[in-house]
Amino acid sequence: METVALENKVENINTHRSNGKPKIAYFSMEIGINENIPTYSGGLGILAGDTLKSCADLNVPIVGVTLLSEKGYFYQEIDLDGNQIELPYNFNLDDFLKLLPCKTNVKIEDREITIRIWFYPVQGASGYIVPVFFLDTNVEGNSPYDREITKYLYGGDNRYRLAQEIVLGIGGVRAIDSLGYRNIDKYHMNEGHAALGTLELYDQFKDVEKVRNQCVFTTHTPVAAGHDQFDLSLAKSMIGDLLPNSLLHEFTFEHKLNMTRLALFFSHYVNGVAKKHGEVSRKMFPGYDIDSITNGVHTPTWVSEPFQRVFDKNLPGWRSDPYILRGAFGIDKAEIWAAHMEAKKKLIDFVNNRYNVGMNYDHFTIGFARRQTAYKRPELLISDPEKLMTIGEKAGPIQIIYGGKAHPKDGSGKEAIKKIFSTMKTIQGNVKIAYIHNYDIAMGKLITAGVDVWLNTPRRPKEASGTSGMKAAHNGVPQVSTLDGWWIEGRVENITGWAIGTRKSNERDSDDQNDRNDLYNKLETWIIPKFYNDRDNWIRTMRSCIAINASFFNTNRMIEQYVLNAYFM
Ligand SMILES: *Cc1c(COP(=O)(O)O)cnc(C)c1O
């Protein structure tokens, strides 16, 4: 974005503010708002970005608050053996963000830390601007340690992480104050990372009910071990007086300060991110009233260019009102297929040029790309290479495109990448496999639109929602997935995609053996034959993905539910 345009938009934020708007402040440790701003790690951050984009499209008076994470999550390279190499991102702030003159500060241990604020304007379909504020401690006068607090997303140890959460939560609430916003009705915490903001509000109001009236909390983690928590002694020494002794027992769990409990205690509205996740959360936190609002994706961001042209022609108005995509049932099948092949060629050309894999435009192509971590089971599909090769011989040729980063401390996630690389070598002559490095928003657009089927294999019930299959649906790409997260709501068997796992096994937690067999069975007897031998019906399935799933699993519908159920209460 040009600097001139940015200057104009800063003028806009001033009018914005003096109009008495906005009313909602949305806090997220990561926000993936622009494919050139690397301040996100995966689904959580992209959801936050898509949420704010839809708010801008719908004129919802909201501001976003996040950390600068100047060096990103990390830039991923992978060597020939599949070892992940983590490099700091080189990102030119000034090209995208505008440094604002106002500053704020927080106290950590006994140090006063200055925070500066960068601004990014998210412009909606009709010009409305949602500001996003990036908090940055790399300020002269702060100690060398403190200057690093907002450098690396999810980097460092517990002390570093707690410092980040103090900056995001407490610093975030103060930043909103110092920017002059006086009419914030709701503070929305996207996951527990920003929960310390409630302590700043409690310090201002001295009244639990008053804080509760203003706080909304979205939880994203269906497993107890995944919730952020800190040793009480560390928390007390770092947070100091803002941690109220009289209430401490309310948010202490197993002798630790638990960010989920803190957010639950201070929020009047709490939700999970899919119906099933709401149920799981209610069981995990008995006594709290937990609703659910199923995630979505920002429609205009995730529809590929060829499908944008098809929708512009057949379904005008779809960008501002994605419900219109219901009408996809009426689009000519040849048009759907032509758009798909255009998106697919773009992807296949990219992987062939970049990774020298010799993939074929006409071969059945499976996509799997997301954060690489054990519960998502990235290696399930290739766990029996012999079987996979046999399926390819019997049912028709198979190609697989992978991508995704493993957290630097996630040993099993890194092992999964190595396993994919070693399998790649043994079956390359038969099943072609490519692994795209440094999976990010731009690669996400390319892969979710360009494959024939999207694969999702989380271990039940660990996937709160998942969103990449929704991006695929926006491009007519069906999903094959375990029945977890959003897929329980989005799957109509053989019409929007396929479930992995036999009916009985779907009532229980996942069993790898059972799921693997069922995945191979579905591929061999249903999915691949339909792709190669029943193209007409295959394209009907593609259309149903758009009509049934894209029209619903989008952030416009999602934010309307937040406005009604969470913000407007
Ligand atoms: C959508 C997206 C994700 C989320 O993927 P899930 O399958 O929902 O886990 C992660 N990373 C990137 C770059 C994405 O675009």
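**Figure 1. Two domains make up the chain.** In this predicted model, the chain is divided into domain 1, which covers 3-296 + 558-567, and domain 2, which covers 299-553. Their contact takes 40 residues from domain 1 and 40 residues from domain 2. The C-alpha centres of domain 1 and domain 2 lie 31 Å apart.

**Figure 2. An open, mixed sheet is built from 9 strands.** To walk across this sheet, follow the order β5-β6-β7-β2-β1-β8-β9-β13-β14. At the edges you will meet β5 (98-108) and β14 (290-292), each of which has a single partner strand, so one side of each is left without a neighbour in the sheet. On average, neighbouring strands here are turned by 25° against each other, with direction ignored.

**Figure 3. Strands β8 and β9 run parallel.** Here we zoom in on one pair from the 9-stranded sheet. Strand β8 spans residues 186-190 and strand β9 spans residues 215-218, and 4 bridges join them. For a handy landmark, look for His188, whose bridge partner in β9 is Val216.

**Figure 4. A loop between β2 and β3 holds Ser69.** The loop in this view connects β2 (62-67) with β3 (75-78). Ser69 is worth a pause: its phi is positive, at about 40°, although this residue is not a glycine.

**Figure 5. An open sheet of 3 strands shows antiparallel pairing.** The strand order is β10-β12-β11. Both β10 (229-231) and β11 (252-253) are edge strands, and each pairs on one side only. Helix α8, made of residues 232-239, packs on this sheet and touches β10, β11 and β12. The direction of α8 makes about 90° with that of β10. Looking at the strands themselves, β10 pairs with β12 (residues 256-258) in the antiparallel sense over 3 bridges. One residue to pick out is Phe230, which has Leu257 in β12 as its bridge partner.

**Figure 6. The second largest pocket draws on both domains.** This pocket holds about 430 Å³ of space. Of the 22 residues that line the pocket, Ser304, Glu305, Lys346, Lys445 and Leu446 are the closest to its centre. Domain 1 (3-296 + 558-567) and domain 2 (299-553) each provide at least three residues of the lining.

**Figure 7. Four helices frame the lining of the second largest pocket, and α16 gives the most.** At least two lining residues come from each of α11 (299-302), α12 (305-314), α13 (333-355) and α16 (441-450). The contribution of α16 amounts to 6 residues. Sorted by class, the lining has 11 nonpolar, 4 polar and 7 charged residues.

**Figure 8. A cis peptide bond leads from Arg460 to Pro461.** Omega for this bond is near -5°. To find the spot, trace the loop between β18 (453-456) and α17 (468-474), where Pro461 is found.

Conventions. Residues are numbered from 1 along each chain as its sequence is written. This is a predicted model: local features need pLDDT of at least 70, side-chain atom pairs count only at pLDDT 80 or more; totals for chains, interfaces and linings use all residues. Side-chain values use heavy atoms; hydrogens and water are left out. Two strands pair if DSSP finds at least two bridges between them. Contact means heavy atoms within 4.5 Å. Axes are lines fitted to C-alpha atoms, for helices over the stretch in contact, and angles run from 0 to 180 degrees between N-to-C directions. On a 1 Å grid over the protein atoms alone, a cavity is a set of points where a 1.4 Å probe fits but cannot get out, and a pocket is an open set with protein on both sides within 12 Å along at least five of seven lines; lining residues have an atom within 4 Å of a point. Grid points are joined across faces, edges and corners, and a volume is the space filled by probe spheres set on the points. Ala, Val, Leu, Ile, Met, Phe, Trp, Tyr, Cys and Pro count as nonpolar, Asp, Glu, Lys and Arg as charged, and the others, Gly among them, as polar. Domain bounds come from an automatic or database domain assignment.
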